[in-house]
Structures are given as C-alpha cells and as structure tokens.
Amino acid sequence: MAEISQVRLTAKLVVLSCCHSASGQIRAEGVVGIARAFLASGARAVLAALWAVDDKATMWFMNRFYEHLVHGESASESLHQAMKSMRETRFSDVMQWAPFMLIGDNVTFKGAFDKSSLKDGEGATETKNL
C-alpha cells in the first residue's frame, strides 16, 4: 500500500480481480487497504472483491463486466449486469457473484473503446486514451 500511495494515477477505474482486494484494517477513517490506496493515489473508482472467489467464477464475472463496460454502460451498471448474469448461470451461489464491489465514482468509458477491435462480444483488444 505504501508503494501505491507514492504513485500519482489518472485512471478512471482500477480493477483488482484478486481475492480479498476490498478488505483491510478497520480504523476510525474506515477500511484502510489496497483499494483505498488506489483511490488515494488518484483513481476515480476501484472494483474489488471482499472474499476469495473461484477462478472460473471470477473469469466469468470479469468477461461480463468488461463486455458491458465496453458497450458504454457505467461501472455500476456493468457490475449489476455481471452479477445478474452470474446468478442466471452455474455461478448462482451467492459466494460466487456477491463479493465484487465498486468503490468511488460511477465512471463510464463512452467513446473510449475502438469498436472495430471488438470481436463477437469478446471485449476490447485495444483502447484509446482512458
């Protein structure tokens, strides 16, 4: 966290797809952890997980999340749609879809992705200045 706090970011969104990335020490000013360090360094929003998640479930979630994000939906709507998609599939167990949370602003990337780089809903392979 100390190294992250020394970096100045201009990122709209930092995605931490690793387990327990939203957890930290509880202090008077709230939960202090890696997600908060990214916010303090200048990121406008952080997507993080509260607990350990199966790798296949995380992959499914991230694919759906980015699919919606690239098509112009906000980060919170993309999160909602990814969770909804998981609940409707083999990842319906709350432990598989519920740990993901968005901290910070509800950012969007309208016009940021090159639509010509999208292949059959796979997601963006190139991005413009985010």
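**Figure 1. R44 and D105 form a salt bridge in this predicted model.** R44 is partly exposed, with a relative accessible area of 39%. Its partner is D105. The closest N and O atoms of the two residues are 3.3 Å apart. D105 is also partly exposed, at 38% relative accessible area. Both values lie between 20% and 50%, so neither residue counts as buried or as exposed. The pair links distant parts of the chain. R44 sits in the loop between α2 (34-40) and β4, and D105 sits in the segment after β5. In sequence, 61 residues separate them. How many salt bridges does a search of the whole structure find? The search finds two. The other view of this kind comes next.

**Figure 2. R64 and E67 form a salt bridge within helix α3.** The closest N and O atoms of R64 and E67 are 3.9 Å apart. Both residues lie in α3, three residues apart, which is about one turn of the helix. Why can such residues face each other's side of a helix? An α-helix has 3.6 residues a turn, so residues three or four places apart point the same way. Is R64 buried or exposed? R64 counts as buried, because its relative accessibility of 18% is under 20%. E67 is partly exposed, with a relative accessible area of 24%.

**Figure 3. Three strands form an open sheet.** The strand order is β1-β4-β5, and the pairing is mixed. β1 (13-15) and β5 (100-104) stand at the edges. Each has a single partner strand, so one side of each is left without a neighbour in the sheet. Neighbouring strands are turned by 20° against each other on average, with direction ignored. Look next at β1 and β4. In which sense do these two strands pair? They pair in the parallel sense, over three bridges. β4 covers residues 45-49. V14 stands opposite V46 in β4.

**Figure 4. Helix α3 packs on the sheet.** α3 spans residues 55-70 and touches β1, β4 and β5. Its direction makes about 165° with that of β1. The helix has 16 residues. From its first C-alpha to its last it reaches 22 Å, close to the 22 Å expected at 1.5 Å a residue. Which residues of α3 are buried? They are A57, T58, F61, M62, R64, F65, H68, L69 and V70. These buried residues pack against β1, β4, α4, α5 and β5.

**Figure 5. Helix α4 lies across β4 and β5.** α4 covers residues 75-87 and runs at about 175° to β5. It has 13 residues. Its reach from first C-alpha to last is 18 Å, close to the 18 Å expected at 1.5 Å a residue. The buried residues of α4 are A75, S78, L79, Q81, A82, M83, S85 and M86. What covers them? The cover includes β4, α3, α5 (94-97) and β5.

**Figure 6. K110 lies in the segment after β5.** K110 counts as exposed, because its relative accessibility of 65% is over 50%. K110 and V70 are 40 residues apart along the chain. Their C-alpha atoms are separated by 7.8 Å. V70 is one of the buried residues of α3.

**Figure 7. The protein chain has five helices and five strands.** Along the sequence, the pattern reads α-β-β-β-α-β-α-α-α-β. Of the 130 residues, 38% count as buried. Now take the contacts between residues at least 6 apart in sequence. Of these contacts, 66% join residues at least 24 apart.

**Figure 8. Confidence varies along the predicted chain.** The mean pLDDT of the protein chain is 83, and 78% of its residues reach 70 or more. Where is confidence lowest, and where is it highest? The lowest is in strand β3 (residues 30-32), at a mean of 58. The highest is in α4, at 97. Over residues 121-130, pLDDT stays under 50. For that stretch the model has 20 contacts beyond four places in sequence. Where pLDDT is low, the predicted coordinates should not be read in detail.

Technical notes:
Residues are numbered from 1 along each chain as its sequence is written. This is a predicted model: local features need pLDDT of at least 70, side-chain atom pairs count only at pLDDT 80 or more; totals for chains, interfaces and linings use all residues. Side-chain values use heavy atoms; hydrogens and water are left out. Two strands pair if DSSP finds at least two bridges between them. Helices (H or I, at least four residues) and strands (E, at least two) are DSSP runs, numbered from the N terminus. Axes are lines fitted to C-alpha atoms, for helices over the stretch in contact, and angles run from 0 to 180 degrees between N-to-C directions. Contact means heavy atoms within 4.5 Å. Buried means under 20% relative accessible area, exposed over 50%, partly exposed in between (1.4 Å probe, protein chains only). pLDDT is the predictor's confidence in each residue, from 0 to 100. A salt bridge is a side-chain nitrogen of Lys or Arg within 4 Å of a carboxyl oxygen of Asp or Glu. The expected span of a helix is 1.5 Å times one less than its number of residues.
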